[in-house]
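Please read the following points with the structure open beside the text. Each point takes up one part of the chain and may be checked against the display.

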Amino acid sequence: MFLDDEIASSKTRQSEARWGMYLALAALAACILMFIGLMTQASAQTPDAKPQQMAGYVRPNDIGTGALLFPSKEPGYFVEAPKLATDVQIDVNGPIMRTRVTQRFENPSKGWVEGTYVFPLPEDAAVDTLKMQIGDRFIEGEIKPREAAREIYEQAKAEGKKAALLEQQRPNIFTNQVANIGPGETVVVQIEYQSAVRQSNGLYSLRFPMVVAPRYNPEPIVQTVDLDSRTGYAVSDPVPDREKIEAPVLDPKENARINPVTLTVNLKAGFPLGEVKSGYHAVDIANLDDLSRRVTLKGDSVPADRDFELTWKAIEGKSPYAGLFRETIGGKTYLLSFVTPPAAAEADAKPIKREVVFVIDNSGSMAGPSMEQAKESLALAISRLKPEDRFNVIRFDDTMSVHFPELVEATPDKREDAIAYVRGLTADGGTEMLPALEAALRTQGPVAAGALRQVVFLTDGAIGNETQLFDEIQKNRGDARVFTVGIGSAPNSHFMTKAAEHGRGTFTLIGSESEVAARMGELFTKLESPAMTDISASFEGASAGDITPNPMPDLYHGEPVVLTAELDGTQPQGKLQILGKAGDQPWRVEMDIAKASTGQGIAKLWARRKIDDIEASASTIADPATLDKRIETVALAHHLVSRVTSLVAVDAAPSRPAGENLSETKLPLNLPAGWDFGKVFGEEPAGNAPGKVDERDAALESRTRLAMVTADRMLAAPTARAAGLLAEANNQVALPQTATEADRQILIGLMLLAFALLSGTTFVFWRAPIAAVVNAGVRRYGR
């Protein structure tokens with residue numbers, strides 16, 4: 001009887017389950033109808049009917065040849081990166097250089113593209129020309145206040161007109177934006193600038209930087225503040241323009257070097273030439289005459305991954321001791337003067353007792369050859385110390401440590417101990433430079449009587465917060481002198497030169513291990529010799545001129561006094577007088593203005609240096625708007641790009657059809673030669689230690705924004721490998737999955753939903769009678 005009741009009850013539940021199955025079948029039918037509708041809609045669409053916002057976007061499987069792809073704003077789609085080739089021509093005439101940089105932006109995609117290229121120029125470059133070539137036409141760029149130039153460019157971009165915008169982000173970092181490059185089209189942009197030849201100890205040189213090294217950007221600082229008796233928070237960003245100086249960086253292990261550069265130097269030295277050589281690139285040198293050479297890269301082009309440097313010397317005894325050049329423009333005369341103080345002025349100088357604080361960068365960007373160069377350089381410097389000197393060693397990455405508790409005497413055992421410590425350093429982590437500089441300037445105690453405090457900084461300078469470092473040097477340098485040693489294939493020359501200038505020291509660049517001994521030897525001579533101080537310039541018999549730099553910096557052994565000046569009138573008379581002291585010995589020279597040689601581009605050099613002087617006076621100008629206005633006035637008058645002025649070129653006629661999508665992307669950069677991608681950007685995001693800061697923020701905050709997906713890698717690999725590469729990329733980059741078509745995803749999802757509904761209902765339908773019988777048996781017969 002009990003069993004019959006259970007069976008009857010189960011029939012009731014079975015009837016309820018049957019109705020559940022009917023509902024599931026109805027749901028399945030609805031899913032099938034929905035699927036049929038979606039498929040009908042998809043099949044009705046032709047390629048021409050694809051939504052407009054997808055124009056110019058691609059999927060990896062759409063690419064038939066190798067291509068570099070960037071994530072787009074549309075989920076599942078990518079933008080094919082523009083290609084770039086650069087041609088450089090440098091014309092050297094005595095102490096002045098004129099450089100033309102031609103950038104060819106090629107759009108290999110099927111859509112319209114705006115490309116942004118972050119690139120370096122020398123820190124003293126006076127950029128005055130921007131031309132955009134469209135077919136056979138050249139469109140000349142106009143200098144405008146920065147915001148006005150930006151508005152002109154954005155309007156032209158929106159109207160479908162070709163446009164180019166050149167902006168300065170740092171004195172040695174610029175961006176070039178080119179809008180509305182059509183499918184398969186090439187747009188040529190030319191940039192020209194004026195700069196000066198560098199000379200030291202009889203060696204003349206020029207340096208053309210080819211790649212912006214990834215910058216380490218410290219995180220914004222959050223501080224508590226009191227607001228009307230209440231506590232609040234204030235955020236200050238040490239790198240407010242971090243996005244402007246960042247660009248995607250390619251891992252050289254995964255991608256071929258890109259951005260080829262061809263380069264030619266037409267060298268007219270103005271004196272009989274001796275040795276001419278390139279330290280970092282193979283070159284062909286044509287001997288045109290005793291005073292001239294033509295230098296070209298061997299093999300036509302090189303990838304943009306390290307600075308190009310050319311050096312030359314005069315034949316023994318033919319190096320000029322002094323030079324005075326002038327240019328007349330707009331009713332004014334501009335002078336360029338260089339004078340090398342005679343070595344005899346320092347010959348009788350007394351040895352100085354020194355206190356040297358060495359600061360070495362062992363962050364991730366220094367990994368590889370750079371670290372070896374830095375360690376070898378520092379070991380040499382320590383070994384040169386005299387027993388009466390005192391010294392210390394500070395190392396930093398994203399942490400910092402001081403080797404000795406305080407300055408110690410440079411006894412043999414202390415020197416050996418320090419050298420062993422330096423040789424044991426390895427490169428890793430971020431570049432938190434400020435704490436190390438603070439320790440060097442603030443914590444080493446007072447300077448001993450009669451001693452000279454020197455801070456020697458060995459780094460690649462790969463930071464974005466230069467202003468913080470400059471402020472620290474200016475405020476806390478005291479009586480110390482700051483010397484910078486730039487290490488590696490692409491050092492931050494702006495930081496190196498300005499840090500040394502603010503620190504009344506000098507800078508040295510070392511690009512290879514073969515240069516360590518020679519260039520450190522030159523630095524030792526400067527460190528161990530008294531500086532030429534109290535340098536001033538004035539005019540006798542001529543109207544007062546605006547002289548730059550102002551104030552004049554200290555100079556060291558073999559360095560010339562280089563100045564520019566603006567004078568009223570076109571035929572000024574009189575003499576230029578330069579005074580100084582080498583140790584305790586006075587030094588003086590006079591130069592007749594009427595005998596000055598004719599030069600070109602001197603006015604631009606003066607204006608560039610005048611802008612630097614105004615920037616350096618920022619602490620004395622309370623109103624930032626006043627500072628900017630002074631810079632703007634000089635820059636507009638001389639047609640120069642600056643922090644507050646930009647060059648913009650716009651084509652008159654629209655080229656992009658109305659309604660066509662415009663994709664925006666930054667052109668990728670090579671990793672500087674010798675850099676270790678894993679050390680800079682981290683091997684695995686998950687492997688970073690808690691709280692660890694790495695260099696990743698320097699190139700878009702994380703490996704996710706730096707990793708590139710290359711279609712040729714996926715197409716060349718088996719399907720499983722391609723899927724693995726996509727998975728790898730998506731682990732690194734927050735990208736949508738792209739290996740499955742959207743309609744297939746919908747179909748799979750609907751089928752799984754229907755299967756789940758059907759399976760669940762079937763299980764419920766059969767579970768009822770089975771459970772009834774089993775339960776009845778248990779109750780009747782027990783276990």
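1. Strands β3 and β4 form a hairpin, with two residues between them. In the turn, Gly94 has a positive phi of about 65°. The model is a predicted one, and this applies to every point below. The two strands of the hairpin run antiparallel: eleven bridges join β3 (residues 83–93) to β4 (residues 96–106). Within this pairing, Val88 has Val101 of β4 as its bridge partner.

2. In a regular strand, side chains alternate between the two faces of the sheet. Strand β3 shows this pattern: Leu84, Thr86, Val88, Ile90 and Val92 point to one face and are buried. Lys83, Ala85, Asp87, Gln89, Asp91 and Asn93 point to the other face and are not buried.

3. Strand β3 also pairs with β17 (residues 260–268), here in the parallel sense, over eight bridges. The bridge partner of Asp87 in β17 is Thr262.

4. Is Ser195 buried or exposed? This residue lies in strand β11 (residues 186–196). Its relative accessibility is 1%, and because buried means under 20%, Ser195 counts as buried. Apart from neighbours within four places in sequence, Ser195 is in contact with Pro95, Ile96, Met97, Asp124 and Leu605.

5. Leu605, one of these contacts of Ser195, is among the buried residues of helix α10. The others buried in α10 include Ile602, Trp606, Arg608, Ile611 and Asp613. The helix comprises 15 residues (602–616), and at 1.5 Å a residue it should span 21 Å; its end C-alpha atoms are 21 Å apart, so the expected and modelled spans agree.

6. A further sheet is open and has three strands, in the order β32-β35-β36 with antiparallel pairing. Strands β32 (532–540) and β36 (585–592) stand at the edges; each has a single partner strand, so one side of each is left without a neighbour in the sheet. From one strand to the next, the twist averages 15°. Seven bridges join β32 to β35 (residues 575–582), and Ala537 stands opposite Ile578 in β35.

7. Finally, the chain as a whole. The secondary structure comes to 16 helices and 41 strands. Of the 783 residues, 52% count as buried. Among contacts with a separation of 6 or more, 73% are accounted for by residues 24 or more positions apart. The accessible surface comes to about 34,900 Å², and 53% of this belongs to carbon and sulfur atoms.

Conventions. Residues numbered from 1 in each chain as written. Predicted model: local features only at pLDDT ≥ 70, side-chain atom pairs only at ≥ 80, totals over all residues. Heavy atoms only, no water. Helix = DSSP H or I, 4+ residues; strand = E, 2+ residues; numbered from the N terminus. Expected span 1.5 Å × (residues − 1). Buried < 20%, exposed > 50% of the residue type's maximum accessible area, 1.4 Å probe, protein only. Contact = heavy atoms within 4.5 Å. Areas by Shrake-Rupley, 256 points an atom, 1.4 Å probe, with all protein chains shown as cover. Pairing = 2+ DSSP bridges. Axes fitted to C-alpha atoms, helices over the stretch in contact; angles between N-to-C directions.
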